[in-house]
Amino acid sequence: MGTRFRLFVQPPFEDARSSPEIVEVSSPLGSLTAGPADNRMFVVEPVGKTGPYGVNRGPLGTPYIYLPPWTGKILEPATPDECGNFDYLRPSMAGFEAAHVFGCVRFTLDVWERYLGKPLTWHFDHYDRLEISILPRWDNAQYGYGFLEVGSQFENDGHVLPFSLDFDVIAHEVGHAIIFSVLGVPRPGTEYPEYLGFQEAFSDCVSLIAAMHFPSVIDNVLMETRGNLYLANRLARFSEFSPHRQIRSANNKRTMAEFARGWKDEHELSQPLTGAIFDILVDIFHESLVARSLISPAVEDLADIAEFDPTAEAPVQHAFDRAFARNSDGFIEALLDARDIVGTYLAETLWALAPDFLDYGDVARTMLAIDRNESGGQFARIISRNFGQRAIDELHAGAHVKGGEHRSHVLSARTLLPIDYLELPKMNYREKVLLSRSMSGQ
Ligand SMILES: [Zn+2]
């Protein structure tokens, strides 16, 4: 038996009526203690912590590294009820935010550990457990060496929106944790800009696929679009309130041509890759609808045309409306299948990739190799076409242009890796390079 939490699928900022849903995560009932905490992670709400972990500057401007643990005062931790659950906590109660952030991390790990095939081990080894800390006065969120830290979004009208209540933001940071653990970081001198873009794109996909495990997300998306997923707001757009909201959308048309002459921000650079993966998900879903005879091949073709030709949009929507009304359960099954195919392919791709000299072309080739292994190449055409449409591997990110560094949490997280950690030989990744190259026929 698992442990129950109350989680906001959609943060309550935009829609004050949204209420948290009760979910059960895999932590065995009774295994969680006050925090919440278990043997892998714990939540703290520090009192009087003035800055985030990472590279900070002292009063005279000297950089120093600030790492867990927090040893100062903390707010009263969230405690389980007599059965061991946390769903008795309501949004207005002390401890709700702490329970919420823990529940979101555990929920995301549950989803991705299934795709990865085993429990995640944190990439750091100087700490037994991950410190999940809430820092309300900070305007960002980050995962780093021994910590996952969430701040708040400060709105122009004075509202403060805590990221501890934002599933998408938290799941995205768990995405970074997965990459650090499974893929690792490039050795000095072997980092391509597209590695940084990959970090962001993959983390957005971790969040997207995890959100698709809430039945209400699937229901709402299908109700809203009748299966015409290119219209899907909830799936296509990541949290409105994320630190990088203005530039993050999975349903985008950006290609590598925009970045070949230079790039500023890895969140922007991630967009062609995120967009390609989102389109692959939609195409696999549409193909699955055809395979189940829920839509005709002609409608699927028309949906592809509608991506570029607005005059095709109305007839496509009409066809989807009718098909969805006939068998909405079939649409749900098809979407869950597509979700799990993409989740599995992404996890397998991550295992097979190597961080040194990683670019988006490696991601595309590896995903094609995974598809050959898993299905005999059933989705090869979809995968190649969508990476091709983004000019992935045809064009590559140019030089970094100054101006976007201040938002870069990957860079700050990386500098937290102790130098001896960076110097550790990663034999298994070398082997993975050879493996992925041989699988992709290079
Ligand atoms: Zn990120």
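Long-range contacts dominate the count here: of the contacts in the protein chain with a separation of 6 or more, 70% link residues 24 or more positions apart. The model behind that number is a predicted one. As for make-up, the protein chain has 15 helices and 10 strands, and 46% of its 442 residues come out as buried.

One sheet is worth walking through strand by strand. It is an open sheet of 4 strands, ordered β3-β6-β8-β7, with mixed pairing. The edge positions go to β3 and β7 (141–144), each of which has a single partner strand, so one side of each is left without a neighbour in the sheet. On average, neighbouring strands in this sheet are turned by 10 degrees against each other, ignoring direction.

Strand β6 (residues 130–134) makes a handy reference point, and it is mostly covered, with 4 of its 5 residues buried. In general, strands of a sheet pair through backbone hydrogen bonds, and they can do so parallel or antiparallel. On one side, β6 runs parallel to strand β3 (residues 41–44), the two being joined by 4 bridges. Two of the partnerships can be named: Met41 goes with Leu130, and Val43 goes with Ile132. Strand β8 (residues 147–150) also runs parallel to β6, again through 4 bridges. Here Glu131 of the β6 strand sits opposite Phe147 in β8. As a rule, side chains along a regular strand alternate between the two faces of the sheet.

Helices pack on this sheet too. Helix α1 (residues 96–116) lies across β3, β6 and β8, and its direction is at about 135 degrees to β6. Helix α2 (residues 167–182), for its part, touches β7 and β8, and runs at about 20 degrees to β7.

Turning to helix–helix packing, a pair of packed helices is usually described by the angle between their axes and the distance between those axes. For helix α10 (residues 328–352) and helix α11 (residues 360–375), the angle is about 115 degrees and the axes are 9 Å apart. The α10/α11 crossing is right-handed. On the α10 side, the contact involves Tyr345, Glu348, Thr349 and Ala352, while α11 brings in Val363, Thr366, Met367, Ile370 and Asp371. Sorted by class, the contact of α10 with α11 holds 5 nonpolar, 2 polar and 2 charged residues.

Terms used:
Residues are numbered from 1 along each chain as its sequence is written. This is a predicted model: local features need pLDDT of at least 70, side-chain atom pairs count only at pLDDT 80 or more; totals for chains, interfaces and linings use all residues. A residue is buried if 20 or more other C-beta atoms lie within 10 Å of its own, exposed if 12 or fewer, and partly exposed in between; C-beta atoms are placed from the backbone. Two residues are in contact if their C-beta atoms, placed from the backbone, lie within 7 Å. Two strands pair if DSSP finds at least two bridges between them. Axes are lines fitted to C-alpha atoms, for helices over the stretch in contact, and angles run from 0 to 180 degrees between N-to-C directions. A crossing is left-handed if the near helix is turned anticlockwise from the far one by less than a right angle, and right-handed if clockwise. Ala, Val, Leu, Ile, Met, Phe, Trp, Tyr, Cys and Pro count as nonpolar, Asp, Glu, Lys and Arg as charged, and the others, Gly among them, as polar.
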